[in-house]
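This report describes how charged side chains pair in a single protein chain and how some of the strands around them are arranged.

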Amino acid sequence: VLLASYVCLTPEQRKGVDLGLTDAAKAQLTKFGLRDDRLAHGVITGRAVGKGRKPVAGATLTLSKSIDTVLWKTNPLGQEVFPETLSSTMTAADDGTFTWHVNPSTRPAVAFKGEQEHWLLTVTGPTGEGVSRRLFVERGQTIDLGDVVVA
């Protein structure tokens with residue numbers, strides 16, 4: 001719990017916080033991209049606009065992915081994996097802008113195996129028209145999408 005709280009802090013807030021981690025534990029955190037000088041999550045920014053570049057108020061952003069969670073061999077379901085869909089949404093500001101703090105694309109257990117996962121970002125205007133894009137978000141990364149044309 002202490003480590004989970006620590007990685008939610010900004011780099012400025014982490015200064016002077018000592019978790020008492022061993023050098024091996026610190027090296028493992030660095031391997032997963034958790035460093036004291038950057039955020040432990042990513043940020044996606046941009047602006048939803050119409051075809052004439054006019055801001056689209058109330059555009060909906062959805063971030064989703066389908067994953068298979070590996071289960072223990074002796075689980076009550078008798079399955080090796082459990083299929084899941086992760087999804088979250090937010091609404092752009094009245095001027096169409098958005099700044100979204102998001103989890104990295106790849107879960108730690110998947111990253112540990114040297115594999116990657118991607119988010120599917122969908123931006124939809126009030127008329128239901130929208131666009132989708134696959135994104136790979138790393139820890140500490142800011143992705144500026146600029147103007148996203150949705151209607």
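A salt bridge is counted where a side-chain nitrogen of Lys or Arg lies within 4 Å of a carboxyl oxygen of Asp or Glu. The model is predicted, and a search of the whole structure finds 4 salt bridges. Three of them are listed here with their N to O distances.

| Acidic residue | Basic residue | N to O distance |
|---|---|---|
| D147 | R47 | 2.9 Å |
| E129 | K51 | 3.8 Å |
| E117 | K65 | 3.2 Å |

**D147 and R47**

The salt bridge between D147 and R47 has an N to O distance of 2.9 Å. The two residues come from distant parts of the chain, 100 residues apart: D147 belongs to strand β7 (residues 142-149) and R47 to strand β1. D147 has a relative accessible area of 34% and is therefore partly exposed. R47 is also partly exposed, because its relative accessibility is 24%.

R47 has a cross-strand neighbour as well, since T97 in β4 stands opposite R47. Strand β1 (residues 42-49) pairs with β4 in the antiparallel sense, and 6 bridges connect the two strands.

In a regular strand the side chains alternate between the two faces of the sheet. Strand β4 (residues 97-102) shows such an alternation. On one face are F98, W100 and V102, which are buried. T97, T99 and H101 point to the other face and are not buried.

**E129 and K51**

E129 and K51 form a salt bridge at 3.8 Å, N to O. E129 sits in the loop between β5 (119-124) and β6 (130-135), while K51 sits in the loop between β1 and β2 (60-70), so the contact ties together parts 78 residues apart in sequence. E129 is partly exposed at 41% relative accessibility. K51, with a relative accessible area of 63%, is exposed, because the cut-off for exposed is over 50%.

**E117, K65 and R107**

In the salt bridge of E117 and K65, the N to O distance is 3.2 Å. E117 is in the loop between α4 (108-112) and β5, and K65 is in strand β2, so this pair ties together parts that are 52 residues apart in sequence. Are these two residues buried or exposed? E117 is buried, with a relative accessible area of 11%, and K65 is buried at 7%, because buried means under 20%. Through salt bridges that share partners, K65, R107 and E117 are joined into one network.

Conventions. Residues are numbered from 1 along each chain as its sequence is written. This is a predicted model: local features need pLDDT of at least 70, side-chain atom pairs count only at pLDDT 80 or more; totals for chains, interfaces and linings use all residues. Side-chain values use heavy atoms; hydrogens and water are left out. Buried means under 20% relative accessible area, exposed over 50%, partly exposed in between (1.4 Å probe, protein chains only). Helices (H or I, at least four residues) and strands (E, at least two) are DSSP runs, numbered from the N terminus. Two strands pair if DSSP finds at least two bridges between them.
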